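Here is my note on this entry, set out as numbered points. Please keep the sequence and the 3D view open while reading.

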Number of protein chains: 2
Amino acid sequence: MKIKAGFLQFQPVFGDIGQNISTIREMLNDKEFDLMVLPELCTTGYQFVSRDEALSLSEPAEGALGPALQELAERKSSVIVAGFAEKNGNEVFNSAMAMGPDGVLSVYRKAHLFFKEKDIFRPGNTPFEPVDTKQGYRLGTMICFDWIFPEAARSLALGGASVIAHSANLVLPWCQQAMFARALENRIFIITANRFGTEDRDPASPLTFTGGSQIMAPDGEVLAKAGPAEAVVMIREIDLNASNPQLNPMNHLFNDCRPDLYRL
Amino acid sequence: MKIKAGFLQFQPVFGDIGQNISTIREMLNDKEFDLMVLPELCTTGYQFVSRDEALSLSEPAEGALGPALQELAERKSSVIVAGFAEKNGNEVFNSAMAMGPDGVLSVYRKAHLFFKEKDIFRPGNTPFEPVDTKQGYRLGTMICFDWIFPEAARSLALGGASVIAHSANLVLPWCQQAMFARALENRIFIITANRFGTEDRDPASPLTFTGGSQIMAPDGEVLAKAGPAEAVVMIREIDLNASNPQLNPMNHLFNDCRPDLYRL
């Protein structure tokens, strides 16, 4: 099955949810796609200086972002995955919603929090489980630092995902290159939507995000790649049938696993 | 702890165990090292045309290779890991022994057989469990196609290995690049010893091995890299303290795992 899938890379304005949603809407307005991946925390920016600040900028999936994404998803007959600061009572999760024309398909809450995120967010409590889309494929979601844990993408692939939407705010230089192994070992498409720009709200540790959003095929080929600091939407037609753990007639990457010999 | 670790890359002569052992001995004779990794099936070559042929060329660890390695290991006060066709009754495993000055430390039997190897070898039955060395570090072993299963390296790392000896006969172009993720996700050294050259004993499917043996650091840096078709020994001093799953003060790559959310 062929779908048009892509990412949106941009630089959110810290704390200005309305402005960021406008930018996203504008960047996607004239685009055609079946699946679109947006960066992590795309409505708020990243570097919260306190849990209270994050709480004050967080919203449930039904907040401002949800309806805006649904309007777009409906108009484009598509699925849009977007990272956001999710309010849940008095707690904040670093989450990503998958929005379809008929509403929210899933909300994934980041399981592996990076560095000082541990001071801000509650660790995720949603399993790495893909969701069915209307078009008939299964979609997995992970967020940023989840990349370094092979168990995350593996779980999504074992759950039948043929594509992973990977919303990111990457500051380390490794992920884009490491996705080569993630794609190959699971024979899965991975779309990493990263942001760019610098945030220095904590002047002691300013953060520069690395851009370089990409669409990677199950054989590790980079089908599209953004620059390190450009606002851009890139879309490619991808054939989800290429996501197949049957590597050759004698090797099936999941059935060949030997859990009897692993220590996990 | 610093050790001198390296690989030997060469082109075995198919079926000539004595000749191959001589070559290995000659290539290592004037070298100093604490840990040396040799390719998969380094005494026999790779492309057996039948299980019977493999059986006829196989030996137990105590065969010709074992004593030759022990003599070298003793003389160099080192550990040598080497792939060989292991005879076990009427069965053949694709194995790698780790040999120390005092004898065999471990025999690992390849768990994930690649393609037609399934017609030749019995699947391994030894767990991915590292062994203690005299020098005080833990050494993991894996063979060739094990690379594509993240569970293999992960198991060795969780078992306390700070370095993985990876004996290989690689024909696919992916492994060397994918080791970047394996090293990073486990913060572990990985030494891939590959062979080079072509075997066309099955004229319908000649195999060309890709060389490119390498020493990779826990941060993904390639510390040494052989060409695609050269007989060479490369040795680097590596600091095993760099193998540390504590990525930063707040992220420990093993303790941060969320098995409650994985499907494995």
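1. A term comes before the details: a strand, as the word is used here, is a DSSP run of E that is at least two residues long, and strands are numbered from the N terminus. With that in hand, B:Gln9 can be placed in strand 1 of chain B, which covers residues 2-9. Please also bear in mind throughout that this is a predicted model.

2. On the overall make-up, chain A contains six helices and 16 strands. Its radius of gyration is 17 Å, close to the 18 Å that the globule rule gives for 264 residues, so chain A is as compact as a globular protein of that length. The C-alpha trace of chain A, followed along its principal axes, spans about 55 × 45 × 35 Å.

3. On burial and surface, 64% of the 264 residues of chain A count as buried, while the accessible surface of the chain comes to about 9200 Å², with 49% of that area belonging to carbon and sulfur atoms. If we take the contacts in chain A between residues at least 6 apart in sequence, 68% of them join residues at least 24 apart. As for charge, chain A carries 24 positive and 32 negative charges, and the mean positions of these two groups are 3 Å apart.

4. How is chain B related to chain A? A turn of 180 degrees, with a shift of 0.0 Å along the axis, lays chain B on chain A with an RMSD of 0.0 Å, and that is the relation of a two-fold axis. The same surface serves both copies, since 100% of the contact residues of chain B recur in chain A.

5. A:Thr141 is a useful residue to look at in chain A, where it lies in strand 7, residues 138-143. A:Thr141 has a relative accessible area of 6%, and because buried means under 20%, A:Thr141 is buried. Leaving aside neighbours within four places in sequence, A:Thr141 is in contact with several residues, including A:Val81, A:Tyr108, A:Phe128 and A:Leu156. A:Val107 is 34 residues away from A:Thr141 in sequence, and the two C-alpha atoms are 8.8 Å apart in space.

6. B:Asn94, in strand 4 (residues 91-100) of chain B, can be read in a similar way, for it counts as buried at 0% relative accessibility. Setting aside its neighbours within four places in sequence, B:Asn94 is in contact with residues among them B:Glu40, B:Leu41, B:Arg109 and B:Phe121. From C-alpha to C-alpha, B:Asn94 and B:Ser58 are 9.4 Å apart, with their positions 36 residues apart in sequence.

7. Two residues deserve a check of their backbone angles. A:Ser77, in the loop between helix 3 (65-76) and strand 3 (79-88) of chain A, has a phi near 45 degrees, a positive value in a residue other than glycine. B:Leu41, in the loop between strand 2 (35-37) and helix 2 (51-57) of chain B, likewise has a positive phi of about 45 degrees although it is not a glycine. Is each of them buried or exposed? A:Ser77 is exposed, with a relative accessible area of 53%, whereas B:Leu41 is buried, with a relative accessible area of 0%.

8. To return to B:Gln9, this residue counts as buried at 0% relative accessibility. The C-alpha atoms of B:Gln9 and B:Ala242 are separated by 25 Å, and the two residues are 233 apart along the chain.

Note on methods: Residues numbered from 1 in each chain as written. Chains lettered and ligands numbered in written order. Predicted model: local features only at pLDDT ≥ 70, side-chain atom pairs only at ≥ 80, totals over all residues. Heavy atoms only, no water. Helix = DSSP H or I, 4+ residues; strand = E, 2+ residues; numbered from the N terminus. Rg over C-alpha atoms; globule rule 2.2 N^0.38 Å. Buried < 20%, exposed > 50% of the residue type's maximum accessible area, 1.4 Å probe, protein only. Contact = heavy atoms within 4.5 Å. Areas by Shrake-Rupley, 256 points an atom, 1.4 Å probe, with all protein chains shown as cover. Lys, Arg positive; Asp, Glu negative; His and termini not counted. Charge placed at Lys NZ, Arg CZ, Asp CG, Glu CD. Least-squares fit on C-alpha atoms with pLDDT ≥ 70 in both.
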